[in-house]
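Student: Could you take me closely through a single part of this assembly, the place where two of its helices meet, and then set it in the setting of the chains around it?

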Amino acid sequence: MPVAWVLILSSFLFSVGIYGVLARRNAVLVLMSIELMLNAANINFVVFNLLLHSISYIGQVFALFIITIAAAELGVGLAIVILIFRNRSTVSIDEVSLMKW
Amino acid sequence: MQQVVFGIVAALIVFAAVRLVTTRNLVHGALYLLAVLAGAAILFLLFLAEFVAWVQVLVYIGAVVVLLLFGLMLTRAPIGNMALDSQTRPLAAVVSLAIFGITSTIVWKTFKGQTVHFSKPNTVDTLGRAIFSQYVLPFEIVSVVLLAALVGAVVLARKEE
Amino acid sequence: MVTTLHHILANSIVLLALKLGILLLLLPATLVVGYVELKVMAHMQHRLGPMYAGAYHGWAQTLADGLKFIQKEDIMAAATDRTVFSMVPYITMLGAALTFVVIPFSRHGVIANLDIGLFYALAVSSISVIGVLAAGWASANKYSLMGGLRAAAQLIAYELPLVLAAAAVAMQAGSLSLVSIAEAQRYVPFALWAQPLGFLIFLAAATAEVSRTPFDMPVAEAEIITGAFTEYSAMKFAFGLFAAEYIAMIGMSALAATLFLGGYVPLLPQLRFVPGPVWFLIKTGLLIFLLIWIRWTFPRLREDQLQKFAWKVLIPLSLVNIFVTGALKLAHWT
């Protein structure tokens, strides 16, 4: 199976994630799009590890680390979103622009 | 055979990802994310990374999606649709198309001929030995990062007394 | 011989289909366990229980209940989100039934003896949390939403002691494959010798994971009706809540029996003439009876008591258990 197909799938997922981060208004949806980007990177790592199948395990090990870091980042990100909601009663990122120029 | 499975799963992932960034119903968005994560787990199984696939199910599907749903419900996700997205939609579409174009062209030119060969999956045994011998330093650092995130989230979300 | 999913699929699709047919046995098993619960509950409360349906001590009671559910009207409020509402029973059923793919009924009697069988079983049991949350939200009912949030908080809080207790078993047996874990208990089951604390922690966490008393605040009848599943009727209720809860209970008991009591391994070498599956059924049945017994003996824990118990008691105990297991293993005492 050609590697290029999988890599194009993951770059598509990455760009859809970027669209989500830039275009969505709800902060939780932005966090979801970030997870989309991280998954695209994970797919890349795992398929590259397939090319180095028994020689090295770095791809899968790094994919595990990415999953861990993504979960940690999401926890802190959601804590921040909930704090913003408590203070401003909104999670729309357009409306939390108090410090914008 | 693997190509057929990959094709079906890729179609599912593409559909769910596009619906995730275009839907106006928040909880539907979380469930489309669930579909993308499940598709990624199937891909990991296909690419002989069994342990990573089940970690993806346990952590991402079992905890991250639950956390996102909690976040949505604690910030008043309405049961119907919400208003339209931000004004930057056309610009965002241009940027994401440009990035997709650039990365896929580079990838196509670099990896055009290479194919992968499927053999036996990695056992957890060898993966575990690799983590604890060769990559033990990143492992410890990731543990510290997790601890920091845990303490940070608890401190941030605590109500003032 | 330890194989993986790929080898199974490569061998024969037909064999796989036959093995998956074992899952069809889950529904009659649910009926049997439901009837046992009704009878045991009744006798513990000094009464008789179902006596009428089926003309001999009411054996067809749960069957009759199932038929009753089929002919009920499936009501959905106008404001419910129909797609998500209808999808929830599938998610909870999936989370409950997938565990049985790795549970060994005998030395070779598994659907797939995965290398990471234990990890797989724990991973798929965490899928049903999403079903509870989605049910609470899609019902368009603020009490269902609150019930769903509390239920999800309980489920994810008790996943940690479950996984940690299972990790101690994996350390003790030296493998994640459930067949190897059962074989490692050839001489003495883990519950009696090396993992007594782990057994108790796993049982407590498993009771909470299937939302049974004393941890059934999510579905407590007198308090929040049925919590997240209040708006569910007819087959969605019968399958998504009722059957899924019983199947999850059977799955958790089967997992605990394999991890701590030895699964299909006979308790004494002299009793080897009794076949493996019979031993497995005896041990699983014992644990199911224990769960039913506990349900009708203890009062229910309040939500904050429940969370305190998980985070402040069970998790430190399970971490101590892992530490002690590791130390004893290193010193070659076990």
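Tutor: What follows looks at one helix pair and then at the chain contacts around it. The model is a predicted one, and in it helix 3 of chain A, residues 58-88, packs with helix 3 of chain B, residues 50-74, at an angle of about 10°, the two axes lying 10 Å apart. Because angles under 35 degrees count as roughly parallel, helix 3 of chain A is roughly parallel to helix 3 of chain B. On the chain A helix the contact is made by residues including A:Q60, A:A63, A:L64, A:I67, A:A71 and A:G75, while the chain B helix contributes, among them, B:V52, B:V55, B:Q56, B:V59, B:Y60 and B:G71. Sorted by class, the residues of this helix contact comprise 16 nonpolar and four polar, with no charged ones.

The helix pair belongs to a contact in which 59 residues of chain A meet 70 residues of chain B. On the chain A side, helix 1 (3-23), helix 2 (27-51) and helix 3 each supply at least two residues, and helix 3 gives the most, with 20 residues. That side of chain A has 43 nonpolar, twelve polar and four charged residues.

Chain B also touches chain C, in a contact that takes 20 residues from chain B and 24 residues from chain C. Here the elements of chain C that give two or more residues are helix 6 (117-124), helix 7 (128-138) and helix 8 (142-173), and helix 6 of chain C gives the most, with five residues. The chain C side divides into 19 nonpolar, three polar and two charged residues.

Terms used
Residues are numbered from 1 along each chain as its sequence is written. Chains are lettered from A and ligands numbered from 1 in the order in which they are written. This is a predicted model: local features need pLDDT of at least 70, side-chain atom pairs count only at pLDDT 80 or more; totals for chains, interfaces and linings use all residues. Axes are lines fitted to C-alpha atoms, for helices over the stretch in contact, and angles run from 0 to 180 degrees between N-to-C directions. Helices (H or I, at least four residues) and strands (E, at least two) are DSSP runs, numbered from the N terminus. Angles under 35 degrees count as roughly parallel, over 145 as roughly antiparallel, 65 to 115 as roughly perpendicular and the rest as oblique. Two residues are in contact if their C-beta atoms, placed from the backbone, lie within 7 Å. Ala, Val, Leu, Ile, Met, Phe, Trp, Tyr, Cys and Pro count as nonpolar, Asp, Glu, Lys and Arg as charged, and the others, Gly among them, as polar.
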